[in-house]
Amino acid sequence: ISIPVFFSMANGTAFRSVAVPALGRAVAAGEGIFAAVAQRLILINTFGILAVAGVLGVTALIAWAAIRGAPQSTTSAMIPLLIAILPMYVMASVVEAIQGPLQVRGHFLAPGLLRLGLPVGIIAGAAMSGGTSIYSTAVGGTIAALSALGMATFFLSKEKMLPGRITRPLPEDIRYATVDGYRALILSNLIAGANPIINQWLASPLGPGAISQVGYANRLIVGIAALVLAALGPLLLIQFSKYVSAGDAKAIKQTYNQFTRATFWLGSLATLTIWLTSDLVIGLLYQRGAFNAADTRIVTQLMNIFALQLPFYWSGISGGMLVCALSLNSFFVVQGIILVAVNFVGSLLLMRVIGVHGLALSTVIVGFAGFAMLQGFLIKYGHVELSRRELFEAVGSAALLTACGLCIWSFHLRIAPDSTRGQIAAGVMMLAAVATVTWLLARAAFRGRGLSIHSATDQ
């Protein structure tokens, strides 16, 4: 399942990142050009999804035919399942890919809800079979994905973006920017996918359960990080694309600085929240059966380290969306190669000193390095500016988070089952104080902005 899932997410992210800026440029050329560009882009991407699915299906069939006479194995059981789930992931990939064009038209809630169809269908299929057949998940998922695709077709038709008889070719500038940008983003996604593989490979010699411990801790942080990325990324991409199309450099810099400042403080608040509650959360989610108290302690420690990357990850969303809006996506390929090297070397060195915790710390270093490279690239070419005030705010946020961390570990202020009422009260008061500071600074960052940014933030 991980093969089509990875492609679906990589393709959806890459297509949205190139389609939204292209549609932003097409808006200025008129409604007819916009509709033609949207239809052409969706059609090309749909053909690409079908082609990849065809290659996967043919390869699976050839492999299945080659091992049919061999004894029953995991591989021989996996291949039919891969073939069975391909139709639902083809349809789900199309639904994922059209998120960007629909968001340009102001549809945010409905496309997001359509993405729920696949997991709901898979769960419903498994429930109907009573867990007796894994193929029931493919049946339920296919029905749900088909329903979601039907609803997506309705929205595309309503906005005149449904591919039909297209006679107008893509404008040359849009075609080159889209093709080159899509190629670069797919390649950078493949490169970035190497980091978790490296971590799992390096964790395997560290003893029983090390791979699972890293996976459990990192999975929660990735999920938390994705919440803000999924909510904020599309809005910023649309906003930056409009400013780039209009040539409004002042609005680009102002919007970038304000969202970067606000999300850095928000990431610091999220890190502090995780430090205070990780013992309780890990215990409630995982501690049962073979997952004992020792595993809970290690996973909690790993999660606390992984949480350090949230300020850099969230404040880097603005920069990432601006690079996409500027169609400078080749930067992500160079960045990805460097960060994979940093992760490999850092993990190799740190794990020799602090064991499995070194893998988590190396991931944090990669997050900081990626953020620094992104800022340096945008500042070097004059797209954004870093003022002294913003630098002081970043240092102040880091200092406040460090002070809070020292207090938590010195006075055991974690919110856990074995904590005293005084410790819980002190932890809650600390969290409330930092949340108030974050809210005040975020409010100050957006003071004086026009209606467009406020309305985008509300969406």
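**Exercise 1. Find how much accessible surface the chain has, and what share of that surface belongs to carbon and sulfur atoms.**

Step 1: The accessible surface of the chain adds up to about 22,300 Å².
Step 2: Carbon and sulfur atoms account for 70% of that surface.
Step 3: Keep in mind that you're looking at a predicted model. Its mean pLDDT is 87, with 94% of the residues at 70 or more.

**Exercise 2. Work out whether the chain is as compact as a globular protein of its length.**

Step 1: Start with the make-up: the chain has 18 helices and 0 strands.
Step 2: Now compare two numbers. The radius of gyration is 24 Å, and the globule rule gives 23 Å for 459 residues. Those values are close, so the chain is as compact as a globular protein of that length.
Step 3: For the outline, picture a box of roughly 70 × 65 × 40 Å along the principal axes, filled by the C-alpha atoms.
Step 4: Then peek inside: 47% of the 459 residues count as buried. Take the contacts between residues at least 6 apart in sequence, and 80% of them join residues at least 24 apart.

**Exercise 3. Count the positive and negative side chains, and say how far apart the centres of the two sets lie.**

Step 1: Your tally should give 28 positive side chains and 14 negative ones.
Step 2: The centres of these two sets are 2 Å apart.

**Exercise 4. Sort three loop residues, R414, K160 and S327, into buried, partly exposed or exposed.**

Step 1: Get the cut-offs straight: under 20% relative accessible area is buried, over 50% is exposed, and anything in between is partly exposed.
Step 2: R414 sits in the loop between α16 (388–411) and α17 (421–445). Its relative accessibility is 18%, so R414 goes in the buried pile. Leaving aside residues up to four places away in sequence, R414 touches W275, L276, D279, I408, W409 and S419.
Step 3: K160 belongs to the loop between α7 (135–158) and α8 (172–192). With a relative accessible area of 60%, K160 is exposed. Check its backbone too: phi of K160 is near 60 degrees, a positive value in a residue other than glycine.
Step 4: S327 is in the loop that links α13 (310–325) and α14 (330–354). At 30% relative accessibility, S327 is partly exposed. Phi of S327 is near 60 degrees, again positive in a residue that isn't glycine.

**Exercise 5. Find where pLDDT stays under 50.**

Step 1: Scan along the chain and stop at residues 450–457, where pLDDT stays under 50.
Step 2: For this stretch, the model has 12 contacts beyond four places in sequence.

Note on methods. Residues are numbered from 1 along each chain as its sequence is written. Side-chain values use heavy atoms; hydrogens and water are left out. Helices (H or I, at least four residues) and strands (E, at least two) are DSSP runs, numbered from the N terminus. The radius of gyration is taken over C-alpha atoms; the globule rule is 2.2 Å times the number of residues to the power 0.38. Buried means under 20% relative accessible area, exposed over 50%, partly exposed in between (1.4 Å probe, protein chains only). Contact means heavy atoms within 4.5 Å. Accessible areas come from the Shrake-Rupley method with a 1.4 Å probe; for residues, only the protein chains shown count as cover. Lys and Arg count as positive and Asp and Glu as negative; His and the chain ends are not counted. The place of a charge is taken as NZ of Lys, CZ of Arg, CG of Asp or CD of Glu. pLDDT is the predictor's confidence in each residue, from 0 to 100.
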